[in-house]
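Me: I'd like to go through this complex and ask what stands behind each label. Could you set the values against the definitions for me?

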2 protein chains.
Amino acid sequence: MAPDQLSTTFAALADPTRRAILARLASGEVSVTDLAKPFDMTLPAVSKHLKVLENARLISRRRDGQWRPARLEAHRLREATKWMERYRIFWEQSLDRLDQHLRELQREDKKHGRGK
Amino acid sequence: MAPDQLSTTFAALADPTRRAILARLASGEVSVTDLAKPFDMTLPAVSKHLKVLENARLISRRRDGQWRPARLEAHRLREATKWMERYRIFWEQSLDRLDQHLRELQREDKKHGRGK
DNA sequence: GATGTATTAAACCAGTCAGTTATTTAACCA
DNA sequence: TGGTTAAATAACTGACTGGTTTAATACATC
């Protein structure tokens with residue numbers, strides 16, 4: 001069954017090698033061999049990761065002679081971020097709680113003469 | 001091998017059932033049976049999804065009598081969003097390009113008398 | 001056209017995943 | 001105590017993953 005777009009995006013991101021590839025592509029197009037260099041794995045393995053990223057529309061490929069450089073495509077990342085944004089209120093809430101908790105601790109400290 | 005935190009987060013999000021569970025939990029704590037109701041799958045399956053979400057620290061559980069309600073925990077979502085943020089410039093760039101492209105199309109249309 | 005280089009494809013393997021059914025644990029009720 | 005309800009665990013399955021090695025394809029260069 002063809003998984004939905006968001007699932008495909010998140011699944012593609014759920015691998016450190018693929019995230020490193022995306023990070024590398026942030027500074028421009030790179031060939032497969034160059035992409036593979038930092039990794040302790042064979043070229044076909046990297047090629048497969050690229051295929052996963054391409055299927056997820058997180059990168060695109062073109063041909064340049066014998067090279068097939070990959071390029072970052074960011075709109076699916078934008079969609080994924082948009083999905084997460086709806087939860088922003090929750091983590092901001094908990095940050096508030098953390099902040100409040102720290103303030104309370106400080107107040108406690110003052111009360112017990114441990115303030116600076 | 002224990003995968004890194006970001007990989008665990010993204011892997012947990014790469015399933016529509018789990019994302020739906022998180023969405024449901026956005027409106028507060030829910031028991032397993034209630035969580036399971038909208039889904040066409042057995043209770044153990046939902047229980048497993050909850051375990052995945054719990055391992056990813058995207059939810060927490062507590063005991064309330066015979067119930068074990070789940071609660072949304074958002075800070076890992078915040079971390080994941082922070083990771084994606086670095087790519088924001090790329091999708092904003094491409095939106096600019098899209099915008100520019102649309103303007104060019106409009107100009108073309110006017111030139112050929114297809115304007116409104 | 002032969003040879004070298006960049007990349008992909010094919011076949012295979014071990015491990016993980018998402019689901020199932022059947023069983024077990026835990027708490028409530030009477 | 002026994003019966004019911006809520007949930008987790010165990011054991012199993014088929015499909016998918018991330019890697020390998022070997023073989024094929026595509027282009028470049030001589």
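Reply: Sure. A salt bridge here is a side-chain nitrogen of Lys or Arg within 4 Å of a carboxyl oxygen of Asp or Glu. Across the interface of chain B and chain A, the rule finds two salt bridges. Before we go on: this is a predicted model, where local features need pLDDT of at least 70, side-chain atom pairs count only at pLDDT 80 or more, and totals for chains, interfaces and linings use all residues. Residues are numbered from 1 along each chain as written, chains are lettered from A and ligands numbered from 1 in the order written, and side-chain values use heavy atoms, with hydrogens and water left out.

Me: Why is the pair B:Arg19 and A:Asp4 called a salt bridge?

Reply: Their side chains come to 2.6 Å, N to O. The cut-off is 4 Å for an Arg nitrogen and an Asp carboxyl oxygen, so the pair qualifies.

Me: What makes residues of chain B and chain A count as in contact?

Reply: Heavy atoms within 4.5 Å. By that rule, 28 residues of chain B are in contact with 28 residues of chain A.

Me: How do you know what area is buried between chain B and chain A?

Reply: You take the accessible area (1.4 Å probe) that two parts lose on being put together, summed over both. Here that comes to about 2,500 Å², and carbon and sulfur atoms give 74% of it.

Me: What makes A:Arg61 a polar contact of DNA strand C?

Reply: A polar contact is a pair of N or O atoms within 3.5 Å; within protein, one must be able to donate a hydrogen and the other to accept it, and residues adjacent in sequence count only if both atoms are side-chain atoms. An N or O atom in the A:Arg61 side chain is 2.9 Å from a phosphate oxygen of strand C, so it passes.

Me: Which part of DNA strand C does the side chain of A:Gln66 reach?

Reply: A base oxygen, 3.1 Å from a side-chain N or O atom of A:Gln66. For A:Val32, a backbone N or O atom lies 3.3 Å from a phosphate oxygen of strand C.

Me: How many residues surround DNA strand C, and what makes them near?

Reply: A residue is near if one of its heavy atoms lies within 4 Å of the strand. That gives 22 residues, with A:Thr33, A:Ser47, B:Thr42, B:Lys48 and B:His49 the closest. Of the strand C atoms within 4 Å of the protein, 73% belong to sugar or phosphate and the rest to bases.
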